[in-house]
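Let's take a walk through this model, one helix at a time, and then look at what ties the pieces together. Keep the viewer open as you read.

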Amino acid sequence: MKVLTEVTLDKLINLYEGIVVQDKKMIELFEPVSDSGIYGMKLRVLDQDRMILGALKCAKANGFTGEE
């Protein structure tokens, strides 16, 4: 996982956009064996990362800068 040296809201959003793309690729990889526990875990991780990304975008849209 990438480590941010200077954390800003825009950098976090970019990081989580990349994580969501990675999650989707992992789901495609494990989809043929969708009865495995790994597939279900990857779906939950994708849902979680999408929720975090949505919250970050919402915070930015409402003027949160993270500087407080």
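**Two helices, face to face**

Start with the inward side of helix H2: Tyr39, Leu46, Asp49, Leu53, Leu56 and Ala59 are its buried residues. What do the buried residues of H2 pack against? They pack against H1. Bear in mind as we go that this is a predicted model.

Sticking with H2 for a moment, the helix runs to 25 residues. From first C-alpha to last, H2 reaches 36 Å, close to the 36 Å expected at 1.5 Å a residue. Just after H2 ends, have a look at Gly63, which takes a positive phi of about 90°.

Now swing over to H1, which covers residues 9–30. You can run the check on its length too: 22 residues at 1.5 Å each should span 32 Å, and the end C-alpha atoms sit 31 Å apart, so the two agree. Which residues of H1 are buried? They are Leu9, Ile13, Leu15, Tyr16, Ile19, Val20, Asp23 and Ile27. Looking down the axis of H1, you'll find these buried residues within an arc of 160°, so they line one face of the helix. Part of what covers them is helix H2, residues 37–61. Turn to the other side of H1 and you meet exposed residues instead: Asn14, Gln22, Lys25, Glu28 and Leu29.

So much for the buried faces; next come the charged pairs. How many salt bridges does the structure hold? There are two. In one of them, the side chains of Asp10 and Lys60 meet, with N to O at 2.6 Å. That pair links distant parts of the chain, with Asp10 in helix H1 and Lys60 in helix H2, 50 residues apart. Are these two side chains tucked away or out in the open? Something in between: Asp10 is partly exposed at a relative accessible area of 40%, and Lys60 is partly exposed as well, at 43%.

Glu17 also forms a salt bridge, with Lys57 as its partner, and here the closest N and O atoms are 3.4 Å apart. This pair, too, links distant parts of the chain: Glu17 belongs to helix H1 and Lys57 to helix H2, 40 residues apart. As for accessibility, Glu17 has a relative value of 31% and counts as partly exposed, while Lys57 is partly exposed with 40%.

One more stop, this time on the surface. Which residues form a nonpolar patch there? Ile38, Met41 and Val45 do, with about 220 Å² of accessible area together. Val45 is worth a click: you'll find this residue in helix H2. Its relative accessible area is 31%, and because the partly exposed class runs from 20% to 50%, Val45 counts as partly exposed. For a distance to try in your viewer, pick the C-alpha atoms of Val45 and Ile19: they are separated by 9.9 Å, though the two residues are 26 apart along the chain. Ile19, you may recall, is one of the buried residues of H1.

To put the picture back together: the buried residues of H2 pack against H1, H2 is part of what covers the buried residues of H1, and the pairs Asp10–Lys60 and Glu17–Lys57 each link H1 with H2.

Key:
Residues are numbered from 1 along each chain as its sequence is written. This is a predicted model: local features need pLDDT of at least 70, side-chain atom pairs count only at pLDDT 80 or more; totals for chains, interfaces and linings use all residues. Side-chain values use heavy atoms; hydrogens and water are left out. Helices (H or I, at least four residues) and strands (E, at least two) are DSSP runs, numbered from the N terminus. The expected span of a helix is 1.5 Å times one less than its number of residues. Buried means under 20% relative accessible area, exposed over 50%, partly exposed in between (1.4 Å probe, protein chains only). The arc is that of the directions from the helix axis to the C-beta atoms. Contact means heavy atoms within 4.5 Å. Patches are made of residues with over 30% relative accessible area and no salt bridge: like charges are joined within 9 Å, nonpolar side chains (Val, Leu, Ile, Met, Phe, Trp, Tyr) within 5 Å. Accessible areas come from the Shrake-Rupley method with a 1.4 Å probe; for residues, only the protein chains shown count as cover. A salt bridge is a side-chain nitrogen of Lys or Arg within 4 Å of a carboxyl oxygen of Asp or Glu.
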